[in-house]
Amino acid sequence: MSRISTRTMAFGVVAVVAAGVCVRLGFWQLDRLDQRRAKNALVLERTRRPPVSISEVGGQDTSDIHWRHVRLRGVADYASEMLHATRSQAGSPGVYLLTPVRPLDGAWGDTAIVVLRGFVYAPDGRTIDWAQSRDADTLDLEALVTEFPPVQAGTVRMPSAPRAVRFLNRDTLAALMHRPVAPFVLLALGDTIMKDISKPTRVPPPSQTEGSHQSYAYQWFAFALVALIGFSSVVWTEFQRDQAGREAA
């Protein structure tokens with residue numbers, strides 16, 4: 001009867017452990033896919049609701065209003081406007097305009113609503129013609145409620161551009177705009193096709209795709225299968241070699 005060598009046994013242990021890890025990672029990717037689908041379903045349900053006035057969502061939990069369509073009519077403070085630097089849209093470098101707006105109905109008091117008003121072309125990703133990028137003093141628009149991203153490590157402000165930030169941070173924007181800001185950002189909706197590089201072009205809402213989680217899961221399962229097939233192949237080769245040796249003897 002053939003015996004499996006110690007070396008082959010060690011390889012088998014490594015192969016089985018590697019296969020187990022790959023299978024676990026594959027199921028993790030499938031879990032991520034389920035989470036993405038649940039989020040997409042939530043976003044679709046909320047974006048299909050009729051737009052409501054921003055004053056109607058003032059007292060709600062912010063987690064309940066993300067991805068809602070709202071109407072905003074308010075006074076824009078262009079003097080306190082900031083830039084989200086080094087952005088791109090349709091392959092062009094530029095910035096996002098972050099404009100503090102005071103709703104005219106007074107429902108938010110002294111709190112400003114940060115409106116991501118659009119994308120402006122900027123070759124260096126931080127310098128624009130502020131006067132050319134303005135809209136009307138009173139903004140009347142529809143927008144999508146989006147959340148501030150999780151706090152990131154690193155310096156938010158850009159030393160070379162006093163009115164630019166590297167990423168969105170609520171506390172930093174409140175300090176730079178000299179007023180409290182709402183716990184969300186409104187993404188202004190409208191035409192996303194650039195027609196004038198000096199004027200803001202609306203930024204498309206985030207794409208609600210399923211991502212690559214399913215393909216990654218299949219890849220991990222394939223890696224697990226390769227590891228097990230590789231071990232089986234080594235065992236079979238060793239068995240054949242042992243059998244040939246016995247026949248020769």
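Thr 86 is partly exposed, with a relative accessible area of 46%. This threonine belongs to strand S3, and its phi is near 50 degrees, a positive value in a residue other than glycine. Please keep in mind as you read on that this is a predicted model. The points below start around S3, move through the strand pairings and some buried positions, and end with the long helix and the largest pocket.

**Around strand S3**

- Ala 90 also has a positive phi although it is not a glycine, with a value near 55 degrees.
- Ala 90 sits in the loop between S3 and strand S4 (92-103).
- With a relative accessible area of 82%, Ala 90 is exposed, because exposed means over 50%.
- Strand S3 (residues 82-89) pairs with strand S8 (residues 161-165) in the parallel sense, over 2 bridges.
- Within that pairing, Leu 83 is set opposite Ala 164 in S8.

**Strands S7 and S8**

- S8 is also joined by 2 bridges to strand S7 (residues 157-158), and these two strands run antiparallel.
- Here Arg 157 stands opposite Val 165 in S8.
- The link from S7 to S8 is a hairpin through 2 residues.

**Strand S9 and its partners**

- S9 is mostly covered, with 7 of its 8 residues buried.
- S5 and S9 run parallel and are joined by 4 bridges.
- Val 114 has Val 185 in S9 as its bridge partner.
- S6 pairs with S9 as well, in the antiparallel sense and over 4 bridges.
- Val 185 turns up again here, since Thr 146 stands opposite this residue in S9.

**Thr 146 in strand S6**

- Thr 146 lies in strand S6, which covers residues 138-146.
- Its relative accessibility is 15%, so Thr 146 counts as buried, the limit being under 20%.
- Beyond its neighbours within four places in sequence, Thr 146 is in contact with His 66, Trp 67, Phe 184, Val 185 and Leu 187.

**Gly 118 in strand S5**

- Gly 118 has its place in strand S5 (residues 112-121).
- At 0% relative accessibility, this glycine is buried.
- Not counting residues up to four places away in sequence, Gly 118 touches Val 95, Tyr 96 and Leu 97, along with Pro 200, Thr 201, Arg 202 and Val 203.
- Leu 173 is 55 residues from Gly 118 along the chain, and the C-alpha atoms of the two are separated by 17 Å.

**Pro 100 in strand S4**

- Pro 100 is found in strand S4 and is buried, at 1% relative accessibility.
- Leaving out residues up to four places away in sequence, Pro 100 touches several residues, including Val 75, Ala 76, Asp 77, Ile 113 and Met 177.
- Charged side chains are also represented, with Glu 81 and Arg 179 among the residues that Pro 100 touches.
- Arg 71 is 29 residues from Pro 100 in sequence, and their C-alpha atoms are 15 Å apart in space.

**Arg 68, a buried arginine**

- Arg 68 is found in the loop between helix H2 (62-65) and strand S2 (69-76).
- Its relative accessibility is 9%, so Arg 68 counts as buried.
- Apart from its neighbours within four places in sequence, Arg 68 is in contact with two other arginines, Arg 46 and Arg 49.
- The remaining contacts of Arg 68 are Pro 50, Val 52, Ala 143, Leu 144 and Val 145.

**Helix H1**

- Helix H1 (residues 6-47) has 42 residues and reaches 61 Å from its first C-alpha to its last.
- That span is close to the 62 Å expected at 1.5 Å a residue.
- Buried residues in H1 include Thr 8, Gly 12, Ala 15, Ala 19, Cys 22, Gly 26, Gln 29 and Leu 33.
- Arg 46, one of the contacts of Arg 68, is among the buried residues of H1 too.
- An α-helix has 3.6 residues a turn, so residues three or four places apart point the same way.

**The largest pocket**

- About 460 Å³ of space lies in the largest pocket.
- The lining has 17 residues, and the closest to the pocket centre are Leu 116, Thr 146, Glu 147, Leu 168 and Pro 206.
- S3 and strand S9 (181-188) are the elements that give two or more residues to this lining.
- By type, the lining residues divide into 11 nonpolar, 3 polar and 3 charged.

Note on methods
Residues numbered from 1 in each chain as written. Predicted model: local features only at pLDDT ≥ 70, side-chain atom pairs only at ≥ 80, totals over all residues. Heavy atoms only, no water. Buried < 20%, exposed > 50% of the residue type's maximum accessible area, 1.4 Å probe, protein only. Contact = heavy atoms within 4.5 Å. Pairing = 2+ DSSP bridges. 1 Å grid on protein atoms, 1.4 Å probe; cavity = no way out; pocket = protein on both sides within 12 Å on 5 of 7 lines; lining within 4 Å. Points joined across faces, edges and corners; volume = space filled by probe spheres on them. Expected span 1.5 Å × (residues − 1).
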